[in-house]
Amino acid sequence: MAATNDGAEAASGGEPAASASQLPAPDRQAHHVRLPGATDPIEVAAPFLQPNQLEGFRIGVTSDRRSSDLIDAFERRGARVVHAPTLRIAHSQQDGPLLDDTRTMIAARPDLLLATTGYGVRRWFEVAEADGIGSELTDALADTTILVRGPKARGGIRATGLNDSGMSDSETTASLVDKVLAEYPPGLTIGIQVHGATDEVQLDRLRAVHQRVLVVAPYRWIAMDDSDARVYKLVEAICSRQLDCVTFTSAPAVHALFTAAEGMDVYPELIAALQTQVCAAAVGPVTSAPLIAAGIAPIQPTRFRMGALIRLVCEHLEQNMVERIETQNGLVQLRGSIVQIGEERVQLPPTALAILRALVRARGAVVSREDLALAGYSDDHAMEVSLSRLRQTLAVPGLVATVVKRGYRLNV
């Protein structure tokens, strides 16, 4: 059983293999203030339905189920989306184990049923109905006290014709177990619909108090295999700061990304990028937990829903991740991979973007050749060629000035 999935997918136990305890504690305001060198955040909330609101921004999506909801919403607003599911839902080729557990549940007629996900409840009853025992399952649970983890699980229960008697305080499986232990007498028979991965900690808490704990698992999570290169490309894009935001809808997806980075020997680089220039967006507190443990300060909606996550990402990028500087040639704004000068917007390739970003963040101060070399240039000639191409792309004479024997600066 998973601890929670914050309303979208499942969570899991276990920390990433690399030690997160040695990393600095997260600045929980890191993504709620301007980036280094940026001007003050926009004071007026960004319109949620503005068509080109995310133009220039690059967003990574790590979810499998319902990923199309995120991708469509971001792309409709102009973002470029990189989809790399770090986990996927696996349904058994045969539902024999699920049906066996269902028959055990029917025979036991549990005192309490804990429902954790709407998707899991729906699939459980669909499989039972297909096998001809759907009505038996409904009858067996007719007198059962049903508790739900959140609104989606409540919707799943009500769709079966049953009703719940209460919801967890914080929409987590742990708080659902807290409710059971605090409000119900010991020695009961308890059924649990679990999801994704098994959280033995919560099961053991129930087993220590109650006579019998029955588990049904309509689906489970499995990691993507090595034949799918999208996760590795996502890791590379994060480490090279070619994404502005990465969304997470389950804690296992976070762990899987960390594991992929460890396998590529770039775990510290991934963490550093997510701590600074790449915003991590999580759908809820359990999804946020492994990020925070690694020293990352994710943004998180107050309502743990996909729509709220989409709204938050849109508003956050618009308000806090546009870098601006007034120059002699007018206002220059960096919106992800796009530079806007006046009303003109120009898409920049990664190398030109890295140079211009360094110059913008210097706020008119000189940036040395050595500092610009951090963008990956091996010699002065390559630097000059890239700067020349940047100037041609910008088509604003004098904006990028050369300071003889010292480096380059913006003409502020």
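The following paragraphs lead through a sheet, a helix and two individual residues of a predicted model.

In this predicted model, local features need pLDDT of at least 70 and side-chain atom pairs count only at pLDDT 80 or more, whereas totals for chains, interfaces and linings use all residues. Residues are numbered from 1 along each chain as its sequence is written, and side-chain values use heavy atoms, with hydrogens and water left out.

A convenient place to begin is the sheet. Here 4 strands form an open sheet with parallel pairing, in the order S2-S1-S10-S11, where strands are DSSP runs of E with at least two residues, helices are runs of H or I with at least four, and both are numbered from the N terminus; two strands pair if DSSP finds at least two bridges between them. Strand S2 (80-83) and strand S11 (279-282) are the edge strands, each pairing on one side only. Strand S10 (residues 245-248) is joined to S11 by 4 bridges, the two running parallel, and Val246 has Ala280 as its bridge partner in S11.

Helix H2 (residues 96-108) has 13 residues and spans 18 Å from its first C-alpha to its last, close to the 18 Å expected at 1.5 Å a residue, the expected span being 1.5 Å times one less than the number of residues. Its buried residues are Leu98, Leu99, Thr102, Met105 and Ile106, where buried means under 20% relative accessible area, exposed over 50% and partly exposed in between, with a 1.4 Å probe and protein chains only. Because these buried residues cover an arc of only 115 degrees around the axis, they lie on the same side of H2; the arc is taken from the directions from the helix axis to the C-beta atoms. The face turned away from that buried side carries the exposed residues Pro97 and Ala107. The cover over the buried residues of H2 includes helix H3 (118-130), helix H4 (134-140), strand S7 (189-193) and strand S8 (212-216).

Turning to single residues, Arg357 in helix H13 (residues 350-361) is buried, with a relative accessible area of 13%. Its side chain makes a polar contact of 2.6 Å with the side chain of Glu323, a polar contact being a pair of N or O atoms within 3.5 Å, of which, within protein, one must be able to donate a hydrogen and the other to accept it, and residues adjacent in sequence count only if both atoms are side-chain atoms.

Ser170, by contrast, sits in the loop between strand S6 (166-167) and helix H6 (173-183) and counts as partly exposed at 33% relative accessibility. A polar contact of 3.2 Å joins its side chain to that of Ser175.

Note on methods: Contact = heavy atoms within 4.5 Å.
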